[in-house]
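Let's take a walk through a protein together, from its overall build down to single residues. Have a look at the picture first, then read on.

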Amino acid sequence: MQIPVIALKIDVDTYVGTRDGVPHLLEILERFGIRATFYFSMGPDNSGKAIRRIFTRKGFLKKMLRTRAPSVYGLRTLLYGTLLPAPMIAESFPGILKRAESTGHEVGIHCWDHVKWHDYLPWLPKPVTAMELGQASALFEEILGHRTRTTAAPGWTVSPDSLEIQDAMSLDYCSDSRGTTPFFPVMDGRRFRTIQIPTTWPTMDELLGEGGITAENINDQYLTLLKPGLNVHTIHAELEGKSLAPLFTDLLERLLARGARFMTLAEAAEEFGRNAADAPLAMGEIAGRAGRVAIQG
Ligand SMILES: [Zn+2]
């Protein structure tokens with residue numbers, strides 16, 4: 001029988017998540033000898049602007065209160081880009097990106113401006129979308145001395161334009177979607193050639209508070225999701241690297257006790273992407289998350 005494999009995808013959305021969450025996660029992963037894939041937001045932290053989702057996105061306020069966003073993110077982060085200027089993330093912490101890579105992890109691009117991509121992608125003209133990834137790629141190369149091999153879209157938000165631009169970047173793989181197995185995306189009738197390694201598990205913030213799931217039983221729930229073959233789990237530097245760190249540490253202990261093997265997403269793409277088939281990709285709703293995400297059909 002195939003043993004369970006877990007690829008940890010770490011999304012880094014904010015200035016504070018980069019500064020505090022990433023070093024904490026590096027320490028936790030080192031303790032367990034686990035290598036993972038970090039996706040960094042490279043440009044400005046405009047988190048404060050996300051507040052307007054209270055008015056534009058059904059369920060956003062409820063979700064914010066349920067996950068205690070103000071205490072998780074801190075007041076300053078909730079004002080960046082509005083009352084406080086948006087700080088530049090990767091430029092402020094090049095050493096943290098370098099440390100993640102030099103300690104054996106894979107590093108890729110999450111975005112340039114997380115809030116802009118997440119909230120406006122469907123309405124952005126193609127050159128603007130290309131510029132978002134272009135600026136992020138240029139700074140990534142300046143800091144790490146090589147091009148990125150992978151990107152992962154903020155909030156699992158994609159468009160045919162974003163997939164086309166990723167194809168043009170000749171990436172090894174992308175991780176923009178929710179689904180079950182690696183696949184080549186077909187969106188709006190167009191087939192794209194960059195393989196998708198989808199997130200297969202719900203995130204901790206999606207599960208907590210839904211259907212009787214609490215901090216006490218959430219990791220039991222994850223163990224029931226563990227399947228032979230590839231499992232992809234997305235965590236956030238702002239959550240698992242901070243307030244959810246004890247829960248995340250407990251999860252790692254229990255997964256290792258079950259015999260799970262950890263690898264980077266690049267290794268997962270290599271090992272599990274070989275016989276990937278085409279599959280439809282469309283934006284849709286999932287439990288526990290306000291707004292829509294790209295789902296493998
Ligand atoms: Zn993100």
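Before we start, one term: a residue counts as buried when its relative accessible area is under 20%, as exposed when that area is over 50%, and as partly exposed in between. Also keep in mind that this is a predicted model.

Now try the term out on Thr 77, which sits in the loop between α4 (69-73) and α5 (89-92). Is Thr 77 buried or exposed? Its relative accessibility is 2%, so Thr 77 counts as buried. And what does Thr 77 touch, if we skip residues up to four places away in sequence? The contacts are Thr 14, Val 16, Asp 45, Ser 47 and Gly 48.

Here are two other residues next to Thr 77, so you can see each of the three classes.

| Residue | Where it lies | Relative accessibility | Class |
|---|---|---|---|
| Thr 77 | loop between α4 and α5 | 2% | buried |
| Asp 220 | helix α11 (residues 218-225) | 38% | partly exposed |
| Gly 297 | segment after β11 | 72% | exposed |

Asp 220 is 31 residues from Leu 251 along the chain, and their C-alpha atoms are separated by 8.7 Å. For Gly 297 and Asp 278, 19 residues apart along the chain, the C-alpha separation is 9.9 Å. Exposed as Gly 297 is, it still has contacts beyond its neighbours within four places in sequence, namely Ala 279 and Pro 280.

**The whole chain**

Let's zoom out. The protein chain has 14 helices and 11 strands. Its radius of gyration is 18 Å, close to the 19 Å that the globule rule gives for 297 residues, so the chain is as compact as a globular protein of that length. The C-alpha trace spans about 50 × 40 × 40 Å along its principal axes. Of the 297 residues, 57% count as buried. If you take the contacts between residues at least 6 apart in sequence, 74% of them join residues at least 24 apart.

**The zinc ion**

Which residues hold out donor atoms to the zinc ion? The protein donors are Asp 13 (OD), His 110 (NE2) and His 114 (NE2), at 2.1 to 2.2 Å from the ion. Along the chain their spacing reads D-x96-H-x3-H. Distant parts of the chain are linked here: Asp 13 is in the loop between β1 (4-12) and α1 (15-32), while His 114 belongs to helix α7 (residues 114-120), 101 residues away. Both Asp 13 and His 114 are buried.

**Strand β3 and its partner**

Strand β3 covers residues 106-111. Six of its six residues are buried, so β3 is largely enclosed by the rest of the structure. Strands of a sheet pair through backbone hydrogen bonds, in either a parallel or an antiparallel way. In this case β2 and β3 run parallel and are joined by five bridges. If you'd like to spot the pairing on screen, find Ser 41, which stands opposite Cys 111 in β3.

**A helix with a buried side**

Next up is helix α14 (residues 265-272), whose buried residues are Leu 265, Ala 268, Ala 269 and Phe 272. Why do they end up on the same side of α14? Because they cover an arc of only 100° around the axis. An α-helix has 3.6 residues a turn, so residues three or four places apart point the same way. The buried residues of α14 pack against several strands, including β1, β3 and β8 (229-236).

**The four-stranded sheet**

Finally, look for an open sheet of four strands, ordered β7-β6-β10-β11 with mixed pairing. At its edges are β7 (190-191) and β11 (293-296), each of which pairs on one side only. Strands β6 (residues 183-187) and β10 (residues 277-284) pair in the parallel sense over four bridges. Within that pairing, Pro 185 has Ala 279 in β10 as its bridge partner.

Helix α9 (residues 160-168) packs on this sheet and touches β6, β7 and β10, and its direction makes about 135° with that of β6. Buried residues of α9 include Pro 160, Leu 163 and Ile 165. Just after α9 comes Ser 170, with a positive phi of about 50°.

Key: Residues numbered from 1 in each chain as written. Predicted model: local features only at pLDDT ≥ 70, side-chain atom pairs only at ≥ 80, totals over all residues. Heavy atoms only, no water. Donors = N, O, S within 2.8 Å, 3.2 Å for Na, K, Ca; no water. Buried < 20%, exposed > 50% of the residue type's maximum accessible area, 1.4 Å probe, protein only. Arc of directions from axis to C-beta. Contact = heavy atoms within 4.5 Å. Pairing = 2+ DSSP bridges. Axes fitted to C-alpha atoms, helices over the stretch in contact; angles between N-to-C directions. Rg over C-alpha atoms; globule rule 2.2 N^0.38 Å.
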